[in-house]
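Colleague: Before I use this model in my own calculations, could you show me how to read its features one at a time, with the general idea placed ahead of the particular case?

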Amino acid sequence: MEILSYKKFYEDPVKKGEKVDDELSKDCYNVFACRHKFCREWCPDYVEEGNESYTSYGYHTGLLALSRGNGDLSEMKNAYIHCLECGQCELKCPNTMFGGDFYRVTTTTVDLVRKMRRDLHAQGIDYDGFEEVQKTIDDFKAHDAGPDEDLTSWAAGLDLPFEGETMMFVDYYNAFQTREVPIAAAKILKAAGVKFGILKHPHITTGELYETDEDAWVDAAKKNVEALKEAGAKTVIIVNPHEYSYFIKEYPRYVGELPFDVVFITDYVNDLIKAGTIKFVKPYNKKVTFHDPCSLNKLCGNYKAPREIIAALPGTHAEIEDPVLQWKYCCGNGVSSAFRKALPDVSYKIGVRRLKHANDVGAEVLLVACPHCKDMFAETKTKSGINIEPVHILEVVAYCMGIEV
Amino acid sequence: MEKMDFSKFGYGKVADHIEELKDIVGPENVMTAMHDRAMRAASCAPFPMQRWEDHIPDVVVLPGSTEEVSEVMKLANKYKLPVVPRGAGCGLADGAFPLNKGICLDMKRMNEILEVDDINRTVTVQPGVNMQELNKVLDKVGMYYPDDPASYGTAVIGGRIGTNGWSVGGAGSGHPANLVCSMEVVLPTGEVVWLGKGGSRKCRNSSAGYRMLELFFGHQGTLGVVTEAVLDCCPKPEVEFPSYYGFASYEEAYNALYQIGISGVKCAVNYIMFDDEKIDFLRRDDEAFIPLPESVKCVVMATFAGTEGEVLAARKKILGIMKKMKGTYLGEEQAWGDWATRHDRYHLAVHCRDGQGQVVTMSWHCEDNCMIHSELPEFTHGLHKIVKKYVDKYDNIFNDAGCFIYCGGPYRTWGDYLAEVDVFINEYAMTPELWEVWLDMKREIAELAVDLGGSISICHGACREGDVDVLIEKELVDGQFEMMKKIKKLFDPNNIMNPGKYRLDLAY
């Protein structure tokens, strides 16, 4: 997806007791002026909570009011945490639809939310539940500071080199929490005869850090790009769609055009299936549906490959909704997991709605393409008792190829 | 007219009752932070940003049930606290815009669809349900709730009732006032009543008693709060067909509008005329507009929905009339494109041009007068004359975006029209002086409408500044406003519901 708007004026922090930048105020006005509020009806948080304070309209209007002297930054501490950063409001915003086409300026709520979380954190105004988020950041930072072997321990026995023209980037969440996902990815690629490597030391990429300490996150981003370049990467395959959105949407604004192509794993696997390099030997006789990851579908406009892969799976009966209609849904985790950590109850309700919807279309398996979705749905399934199994699409591909994961 | 003075009502301090409100609806549903309150000050543009603080409610309450609404109203009535109900906040008459702060009762948390009855063809909903989302559910059983305003994807049922909204498909399938079978209302004293007809909540018709249900259409939050409604659903039309005809002059388009209006075609959704100024505006400033032949000065659009047989017959009939009236059929692309964007003609940031042709960001506003057929040309020409006078004087601040003319009444295509002039306004640059200029423009438009025998409003309501004084002095004369005041006082003895709205403060 082409990225239309980077707003330089977001770089100036909004500070307590200081005047809000005029450009920011005008930008917020454009959303306030639109009383269509298409952003609202499909916001997964709004669907559950019915509170429009936590919508694109609410965020922009609150800031506009602040710029007009009607606001108090410290009162906003719990406002911005209600955003999943899923991006549906940006896509449905009439300003994006009209202005994006003709003037190449779009609404950028996700950027604004990240900026405000950062600005508030810098002034010591943290949302309730931030300690949990800080703990994750600290854990991930400890990984970054720890030995290289830990970071690649998920790949033990796979015999992957630390260099190559094709590199697979595996983030810490996948490397430590959902190892079955990168393992499936690596085994599929190996079975298809793809020669690829992994980084000896991938650096921290988590979104929680990005919206808390931008400098530290950017520093790690630069190191990742440099390391991939040094490893000889011409193509980088990404296994986590959150990281995919960071690589294609965020990294270029800090390091310029990347010196390699970035491909999401489902696109790469889909091409191998089409080329006949991946061969299926076993059917997957299940009724499935597919949940588009927000980061892939809404933030990056990438939704075709998972559908084509599922269509190619032998024996699988699939009932999959249009990607646009899925804008209304999220698994409940959010693109930064801060939402789930700070608002577990809302997060759970969002997950239940999505699982129920999968149940309505008659599915027994909910396929996902994101490790966070998988984890979130697994938890929601256990808590709610809704009998839909969340399975990662790569695990099914591996299964049909006859690979043990 | 006498200035608004709220001091005589002896209102209590909302800040003293926050804990009681939290006890009623739960602490998480009571919001006192400035940004939560400030964002619920405005409804639709234009909003007086220069005096935002005057309209910020003291507290926002999100009730979750009828009982909670009732308890909030009892508390408010006991301590004389102003209450302003708020639906989607997309009403164009400022119904949800607090004139004296108070409690903002945001009804959107009550958004459950309670029952779908596919035998009696009704759906029972809470007030926070949006029509587009409702129709997704009804679609599964082949039903359809036909209320179709520009704010279709945004507005909620409670607001549609409170503002007596108007639907672009109303000429075919009725407006909200024709589509509600019965409803539950919480009165200012906290009393809960069901208003409807007959012994069930699903009976549509009765001659017994006063028509109390209708009284609660368009009260703009001054008489109570709707907490549940039973809606009349129609079968989903088999086919829909919009068609688009070009005319060389206003006169020809106007005469054609009349002839198709009285043609007797029953499956019309609506007939819409775009006047010459509207076509000029679209050519000038709408980058998405599909170019029309230069000879086209005005357009008439006819849309039908129903069974395939009746729509085919209607197409043929209307095509014959249009040809006779010198209309040129403009093809399907134009018509489908325009029909699909009917929900886009609504408040948003728009780019206009100033006198030098430079792009200026403004926001959309439309006046929604009702006009009888015979006076329509004088009225629309007069509207442009008024607006242009202000555009010439205040470049960059106002813009004339032309008129749409729709059939006005429910289930008919003749008699009167919604004659809508779209005025763009630079809300961001608003100053106290410019605001007064804006109100003068509104007054001139309202006076012209009433002088020519029409109404100030057919779909929004007329309680905005600039409208309301003309309304009281010119439109609701011969005892009507006097009767409104008596009703208001009867229902709301302490004037707590949306005080000042429709100048009903004058009742006390």
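**Strands, helices, chains and contacts**

Colleague: I would like to start from a single pair of residues: which residue is the bridge partner of B:Y245 in β15(B)?

Modeller: The bridge partner of B:Y245 in β15(B) is B:Y329, and please keep in mind throughout that this is a predicted model. The general idea is that the strands of a sheet pair through backbone hydrogen bonds, in either a parallel or an antiparallel sense. In this case β12(B) and strand β15 (residues 328–329) of chain B run antiparallel and are joined by two bridges. β12(B) also pairs with strand β14 (residues 298–306) of chain B, again in the antiparallel sense, over nine bridges, and in that pairing B:V239 stands opposite B:G306.

Colleague: How many of the nine residues of strand β12 of chain B are buried?

Modeller: The way to read burial here is to count neighbours, a residue being called buried if 20 or more other C-beta atoms lie within 10 Å of its own. Strand β12 (residues 239–247) of chain B has seven of its nine residues buried, so the strand is largely enclosed by the rest of the structure.

Colleague: And for a helix, which residues of helix α1 of chain B are buried?

Modeller: An α-helix has 3.6 residues a turn, so residues three or four places apart point the same way. In helix α1 (residues 18–25) of chain B, the residues B:L21, B:I24 and B:V25 are buried. They cover an arc of only 75 degrees around the axis, which puts them on the same side of α1(B). The buried residues of α1(B) pack against β1 (30–31), β2 (59–61) and α3 (66–79) of chain B, while just after the helix B:G26 takes a positive phi of about 95 degrees.

Colleague: Moving up in scale, into which domains is chain B divided?

Modeller: Chain B is divided into domain 1 (6–108), domain 2 (109–235) and domain 3 (239–466). To read such a division, one can ask how the parts sit and touch: the C-alpha centres of domain 1 and domain 3 of chain B lie 35 Å apart, and 12 residues of domain 1 are in contact with 18 residues of domain 3. The side of domain 1 of chain B that touches domain 3 of chain B has eight nonpolar, three polar and one charged residues.

Colleague: What does the radius of gyration say about chain B?

Modeller: That value is read against a rule for globules of a given length. Chain B contains 16 helices and 19 strands, and its radius of gyration of 23 Å is close to the 23 Å that the globule rule gives for 508 residues, so the chain is as compact as a globular protein of that length. Its C-alpha trace spans about 70 × 60 × 45 Å along the principal axes, and 54% of its 508 residues count as buried.

Colleague: Does chain A agree with or depart from the radius of gyration of a compact globule?

Modeller: Chain A agrees: a compact globule of 405 residues would have a radius of gyration near 22 Å, and chain A has 21 Å. Chain A has 21 helices and eight strands, and buried residues make up 54% of its 405 residues. Contact order along the sequence is another thing to read, and in chain A residues 24 or more positions apart account for 80% of the contacts with a separation of 6 or more.

Colleague: In what order do the four strands of the open sheet of chain A lie?

Modeller: The order is β2-β1-β3-β4 (chain A), and the pairing is parallel. The edge strands are β2 (197–198) and β4 (261–264) of chain A, each of which pairs on one side only. Between β1(A) and strand β3 (residues 235–238) of chain A, which run parallel, there are four bridges, and A:F169 stands opposite A:I238 in β3(A).

Colleague: Finally, how many residues does each of chain A and chain B bring to the contact?

Modeller: An interface is read from both of its sides, and this one takes 34 residues from chain B and 29 residues from chain A. On the side of chain B that touches chain A, the largest share, four residues, comes from α2(B), and the residues of that side divide into 17 nonpolar, nine polar and eight charged.

Conventions:
Residues are numbered from 1 along each chain as its sequence is written. Chains are lettered from A and ligands numbered from 1 in the order in which they are written. This is a predicted model: local features need pLDDT of at least 70, side-chain atom pairs count only at pLDDT 80 or more; totals for chains, interfaces and linings use all residues. A residue is buried if 20 or more other C-beta atoms lie within 10 Å of its own, exposed if 12 or fewer, and partly exposed in between; C-beta atoms are placed from the backbone. Two strands pair if DSSP finds at least two bridges between them. The arc is that of the directions from the helix axis to the C-beta atoms. Two residues are in contact if their C-beta atoms, placed from the backbone, lie within 7 Å. Ala, Val, Leu, Ile, Met, Phe, Trp, Tyr, Cys and Pro count as nonpolar, Asp, Glu, Lys and Arg as charged, and the others, Gly among them, as polar. The radius of gyration is taken over C-alpha atoms; the globule rule is 2.2 Å times the number of residues to the power 0.38. Domain bounds come from an automatic or database domain assignment.
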